[in-house]
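User: I am new to reading protein models, and I would like to learn how to go from a single residue to the wider picture. Could you take me through this one step by step?

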Amino acid sequence: MHSPVEQFTIKVLFALNLFGFDIQFTNSALFMVLAVCVSSAFLYFAMRPAAIIPGRLQGLAEMLYEFVADMVQSNAGNEGRPYFPFVFTLFLFVLFSNLLGLIPYSYTTTSQIVVTFAMAIFIFLGVTLIALFKHGLHFFSFFVPAGAPKILIPFLVLIEVISYFVRPVSLSVRLFANMLAGHTMLKVFGGLAVMIASAGGVFVAGSILPLVAIIGLTGLEILVAVLQAYVFTILTCMYLNDALHLH
Amino acid sequence: MDKSKPDRPTSKDSLSKRIQALESRQNKAKGPSPHAQLPTNGLALAGRVTTELLAGLIVGTGIGWALDQWLNTTPMMMVILFFLGAAAGMMNVWRALTGRGMAAGFFKESHHKPDKRGDDETK
């Protein structure tokens with residue numbers, strides 16, 4: 001019997017030694033490359049006709065583009081527009097990693113905290129640097145809550161600073177935990193179906209129940225995959241908004 | 001026939017002027033809202049509250065532990081920052097639930113649109 005968390009094991013597919021760096025190409029890395037390739041190929045082939053009246057595939061690609069463009073515009077304003085390519089790439093990468101992970105026998109890169117935290121910490125550092133370059137030292141006024149009583153200010157500044165450093169953690173943990181929990185749950189129900197069926201006799205019919213549950217859960221997981229990609233991206237836009245327009 | 005409709009401009013010049021006017025109007029209308037909010041769908045909200053609380057504790061305790069290692073004050077900083085981290089986590093939850101976005105500090109209440117729950121109570 002396989003353990004439900006066995007699906008998350010990292011397997012080294014081949015090891016490279018480039019200029020003294022030990023580079024191991026794992027199944028996680030493979031699906032990251034796949035996510036990039038599939039999303040790029042999708043956009044390339046969908047937009048190739050470049051018709052004025054879009055077909056279905058082109059319509060889908062344009063919808064994705066407009067969805068993210070609208071998200072950047074409404075959350076970060078016009079000043080957020082230069083960062084649209086980054087946000088769009090981020091959205092597509094997370095979306096396709098999540099969705100590719102739902103294909104049986106594939107691997108979900110976003111179920112690894114290393115991957116999500118690496119993305120989150122780069123967003124966090126980038127956004128902080130944008131704020132520092134744009135506002136200089138005035139950026140630090142961000143940590144002083146407006147309209148607070150003077151006695152409370154040192155205390156509140158401490159809390160604000162901590163809650164600022166919480167951002168990359170909560171951003172990465174949310175995506176990672178959702179993917180991890182969802183995939184574990186699917187595997188637990190799958191294992192349950194096999195266990196009930198292996199009891200034999202009347203119990204084989206009983207294994208239909210967990211199988212039905214899996215169908216429902218898979219639908220839910222597709223929703224979670226899209227929703228978490230959306231949440232990850234919209235939070236990036238909100239952080240960007242804070243950096244561009246200090247209150 | 002509707003006669004109040006503005007007559008359609010034929011020259012290219014006035015059309016581009018109209019497009020410019022429309023774009024500037026759209027840009028004005030679509031500024032960032034002061035209370036940008038995540039979807040208030042139950043699942044997303046539950047996940048958000050849990051992670052905010054947990055992340056606050058983890059980061060607070062982590063910073064405290066690092067300070068202890070540096071200043072040799074074990075376990076004072078860790079205990080203090082554990083509570084500060086918890087406070088930061090709760091503050092983030094409060095922000096998420098009241099729709100105050102991510103920005104620090106207090107907003108003037110006039111900016112704050114009453115949410116649906118508030119509307120129901122006044123009925």
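Analyst: Let us begin with one residue, keeping in mind that this is a predicted model. Leaving aside its neighbours within four places in sequence, Phe91(A) is in contact with Val68(A), Ala229(A) and Thr233(A).

User: Which residues of the helix around it, helix 3 of chain A, are buried?

Analyst: The buried residues of helix 3 of chain A are Val87(A), Leu90(A), Phe91(A), Leu92(A), Phe93(A), Val94(A), Leu95(A), Phe96(A), Ser97(A), Asn98(A), Leu100(A) and Gly101(A). The elements that cover these residues include helix 1, helix 2, helix 5 and helix 7 of chain A.

User: How many residues does helix 3 of chain A have, and what span should they give?

Analyst: Helix 3 of chain A has 18 residues, which at 1.5 Å a residue should span 26 Å, and because its end C-alpha atoms are 26 Å apart, the expected and the modelled values agree.

User: How should I read a nonpolar core, and which residues have the most contacts inside the largest one here?

Analyst: A core is read as a set of buried nonpolar residues joined to one another through their C-beta atoms. The largest one in this model has 55 residues, and those with the most contacts inside it are Phe91(A), Val94(A), Cys237(A) and Leu240(A). Two or more residues each come from helices 1, 2, 3, 4, 5 and 7 of chain A, together with helix 2 and helix 3 of chain B. Helix 7 of chain A gives the most to this core, with 13 residues.

User: Cys237(A) is among those names; is it buried or exposed, and why?

Analyst: Cys237(A), which has its place in helix 7 of chain A, is buried because 25 other C-beta atoms lie within 10 Å, where 20 or more are needed for a residue to count as buried. Not counting residues up to four places away in sequence, Cys237(A) touches Met71(A), Val72(A), Asn75(A), Ala76(A), Gly80(A) and Val87(A). As a further exercise in setting sequence beside space, Cys237(A) and Tyr65(A) are 172 residues apart in sequence and 15 Å apart in space, C-alpha to C-alpha.

User: How do I describe two helices that pack together?

Analyst: Two packed helices are described by the angle between their axes and by the distance between those axes. Here, the axes of helix 2 (residues 56-76) and helix 7 (residues 208-244) of chain A come within 8 Å and cross at roughly 35°, and the crossing is right-handed.

User: Which residues of helix 2 and helix 7 of chain A meet there?

Analyst: From helix 2 of chain A come Val68(A), Met71(A), Val72(A), Asn75(A) and Ala76(A), and these meet Thr233(A), Ile234(A), Cys237(A), Met238(A), Leu240(A), Asn241(A) and Leu244(A) in helix 7 of chain A. Sorted by class, this contact has 9 nonpolar, 3 polar and no charged residues.

User: Finally, what does each chain contain as a whole?

Analyst: Chain A has 7 helices and 2 strands, and from the N terminus on its elements run β-β-α-α-α-α-α-α-α. Its C-alpha trace spans about 75 × 55 × 45 Å along the principal axes, and buried residues make up 32% of its 247 residues. Chain B has 4 helices and 0 strands, and buried residues make up 20% of its 123 residues. Among contacts with a separation of 6 or more, residues 24 or more positions apart account for 65% in chain A and for 57% in chain B.

Definitions and conventions. Residues are numbered from 1 along each chain as its sequence is written. Chains are lettered from A and ligands numbered from 1 in the order in which they are written. This is a predicted model: local features need pLDDT of at least 70, side-chain atom pairs count only at pLDDT 80 or more; totals for chains, interfaces and linings use all residues. Axes are lines fitted to C-alpha atoms, for helices over the stretch in contact, and angles run from 0 to 180 degrees between N-to-C directions. A crossing is left-handed if the near helix is turned anticlockwise from the far one by less than a right angle, and right-handed if clockwise. Two residues are in contact if their C-beta atoms, placed from the backbone, lie within 7 Å. Ala, Val, Leu, Ile, Met, Phe, Trp, Tyr, Cys and Pro count as nonpolar, Asp, Glu, Lys and Arg as charged, and the others, Gly among them, as polar. A residue is buried if 20 or more other C-beta atoms lie within 10 Å of its own, exposed if 12 or fewer, and partly exposed in between; C-beta atoms are placed from the backbone. A nonpolar core is a set of buried Ala, Val, Leu, Ile, Met, Phe, Trp, Tyr and Cys residues joined through C-beta atoms within 7 Å. The expected span of a helix is 1.5 Å times one less than its number of residues.
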